[in-house]
Amino acid sequence: FSEMFTSRILQTRIPEIFIPISSKLGACNFSNLQRDSNDVFEESNIKNSINSRKKKNTTNKIDRNINVSNNKSTTIRSKKNTPYYVTQYRDYLKGTRSISYIVDENAAKLMFKYIKEDLEPHDIILESHPGPGILTELFLTHTDNKIITYEPKKFFRTKLANKWQESNDKSLIISDLDLHKFYSYYIQAKKAPEFDKLSPLIDPLPIDSGNCNSRVKIATVVTDKKFFYRLNLSYAFQCCFFNTSAPVNPDIYAYIPCRWLDVLSQQKQNSTSNLLSVPFHFYFTYDILDKFPIEGFYPVYNKSSERVRREDDNYLHLIRIKQNPKRKDLIPVAELDNFHYFLNRMLRTKVQDTFIGQIEKFIPNCGPEFIKEGFRVFAHPRNLSQEQLILAYKIFCNLPAYEDCMFHFYKRHWAMQFGEKDEEVLALKCVDEAAIDLEEEEDAEPDIDVTQDFHENSR
């Protein structure tokens, strides 16, 4: 039996990696070499592991049929079934992690359907990052409205101009600005007016006449949460699209991931999410219109909202954002920046601290005034409702010591130094000029001794 077993082993091919060291040092005639049973067992394990990996890869490449609106079935494509626009313009579609382009005609038709329902003859359509121009083509062929496309990439601007601008010279305007950086342009214009890019962005747009329907419709894909921070800040400071003297107040139609939809809906309760969602609900309202599979956009946004991936993470959700019509009854325009900073400070309160403790850092011994109005001693600002936050702000503003308290000093300091981490803005900053970036901090800022810090900064 041993002779037969040895002869069968010698008939098999012996890879060099399984040759014992003693054999490598000896003769090089592989036909006379013998392998141990351990070597054969090791080789079989490697082959089995390779085969199991191949099976896993094949099982992952399965197409799924998902129902979209109008009972139409759209297939989520595997790598072998890549959309035409991705294969055609792959090198031009990549290059940024914060922008995704519409590369599926059905995704463009779905957004066009909802914009068309609210579109008036004199409305202006702003399209951010049109890319291959799938949605642009629908606007040009099915509407007579004026269209402004904001495309930073020269290749796509040239492509749109060659295809459409000659035949639609009056209705199509192609701009090289980035619509998503509107607040960065505002900061840049304040620091260096000679490099003003905000005026070319805002000046062509019609002013809101005060009715409920805005004359400006924005179509975009938003995969970066900074876009919503910019909306909040531009509304709080009444600049950009919400300038008090000439407000545009656009309606925004955006595809967003489920990750940011959870933040806007306040399903996530943490310091970072509340800093975005709580002011957003004061300033804006939003409606969830529809959803489309993530493969209809490129680059594909694969990040999930939770550790365990849900079904909704496989879609981008189409929402419509409008100005909150009740905001004027809640907070006057002149107090918006004070109110925004009040919310910002309260929502950054540490978990072990309380609302009363945070307020008394600005006005000592003012806690009993809030307790009289029903606020609990150990209540945390994140547990307060929208009505309670407004009530707290009004009580705070009516305190006798409010006008001379250090809240105003910190608010001015925050408003002057605030800026985004944008390359164009950072290039304009001085060496010793600090920027307060409220977007990138994951935890609430540490509590500080307000009295000590005030005296140090006033010296």
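**Reading the predicted model: values and cut-offs**

Q: What makes the approach of the N145 side chain to the backbone oxygen of D123 a polar contact?
A: In this predicted model, the side chain of N145 reaches the backbone oxygen of D123 at 3.0 Å. A polar contact requires N or O atoms within 3.5 Å, so the distance of 3.0 Å satisfies the cut-off. The side chain of N145 also has a polar atom 3.3 Å from the backbone oxygen of P121, and this distance is likewise within 3.5 Å.

Q: Is N145 called buried or exposed, and why?
A: The relative accessibility of N145 is 6%. Buried means under 20%, and N145 therefore counts as buried. N145 is placed in the loop between helix 6 and strand 5 (146-150). Beyond its neighbours within four places in sequence, N145 is in contact with several residues, including L119, E120, H122, I125 and S171.

Q: How do you know that E137 and K163 form a salt bridge?
A: The closest N and O atoms of E137 and K163 are 3.8 Å apart. The limit for a salt bridge is 4 Å, so the pair qualifies. It links distant parts of the chain, with E137 in helix 6 (residues 134-142) and K163 in helix 7 (residues 154-165), 26 residues apart. Side chains of opposite charge can pair when their charged atoms come close.

Q: Why are E137 and K163 given their exposure class?
A: The relative accessible area is 30% for E137 and 46% for K163. The partly exposed class lies between the buried limit of 20% and the exposed limit of 50%, and therefore E137 and K163 are partly exposed.

Q: What makes D312 and K291 a salt bridge, and which parts of the chain does the pair tie together?
A: The side chains of D312 and K291 meet at 3.5 Å, N to O, which is within the limit of 4 Å. D312 lies in the loop between strand 10 (297-298) and strand 11 (315-323), whereas K291 belongs to strand 9 (residues 284-293), so the pair joins parts that are 21 residues apart in sequence. With relative accessibility of 29% for D312 and 30% for K291, each falls between 20% and 50% and is therefore partly exposed.

Q: Why do D353 and K361 fall into their exposure classes?
A: D353 has a relative accessible area of 17%, which is under 20%, so D353 is buried. K361 stands at 23%, above that limit and below 50%, and therefore counts as partly exposed. The side chains of D353 and K361 meet in a salt bridge at 3.5 Å, N to O.

Q: What makes R320 a buried residue, and which residues are linked with R320 by salt bridges?
A: R320, in strand 11, has 15% relative accessibility; this is under 20%, so R320 counts as buried. D118, D287 and R320 are linked in a network of salt bridges. The side chains of R320 and D118 make a polar contact at 2.8 Å, which is within 3.5 Å. Residues up to four places away in sequence aside, R320 also touches I252, Y253, T285, Y286 and L289, among others. A search of the whole structure finds nine salt bridges.

Q: Why can I371 belong to a surface patch?
A: I371 has a relative accessible area of 40% and is partly exposed. Patch members need over 30%, so I371 meets that requirement. Together with V377 and F378, I371 forms a nonpolar patch with about 330 Å² of accessible area. I371 lies in helix 16 (residues 367-372).

Q: How do you know that residues 14-38 and 54-80 should not be read in detail?
A: pLDDT stays under 50 over residues 14-38 and under 50 over residues 54-80. Where pLDDT is low, the predicted coordinates should not be read in detail. The model does have contacts beyond four places in sequence there: 26 for residues 14-38 and 37 for residues 54-80. Over the whole protein, the mean pLDDT is 76, and 67% of residues reach 70 or more.

Q: What share of the protein is buried, and how many helices and strands does the protein have?
A: Of the 459 residues, 48% are buried. The protein has 20 helices and 11 strands. Among contacts between residues at least 6 apart in sequence, 72% join residues at least 24 apart.

How values were computed:
Residues are numbered from 1 along each chain as its sequence is written. This is a predicted model: local features need pLDDT of at least 70, side-chain atom pairs count only at pLDDT 80 or more; totals for chains, interfaces and linings use all residues. Side-chain values use heavy atoms; hydrogens and water are left out. Patches are made of residues with over 30% relative accessible area and no salt bridge: like charges are joined within 9 Å, nonpolar side chains (Val, Leu, Ile, Met, Phe, Trp, Tyr) within 5 Å. Accessible areas come from the Shrake-Rupley method with a 1.4 Å probe; for residues, only the protein chains shown count as cover. Helices (H or I, at least four residues) and strands (E, at least two) are DSSP runs, numbered from the N terminus. Buried means under 20% relative accessible area, exposed over 50%, partly exposed in between (1.4 Å probe, protein chains only). Contact means heavy atoms within 4.5 Å. A polar contact is a pair of N or O atoms within 3.5 Å; within protein, one must be able to donate a hydrogen and the other to accept it, and residues adjacent in sequence count only if both atoms are side-chain atoms. pLDDT is the predictor's confidence in each residue, from 0 to 100.
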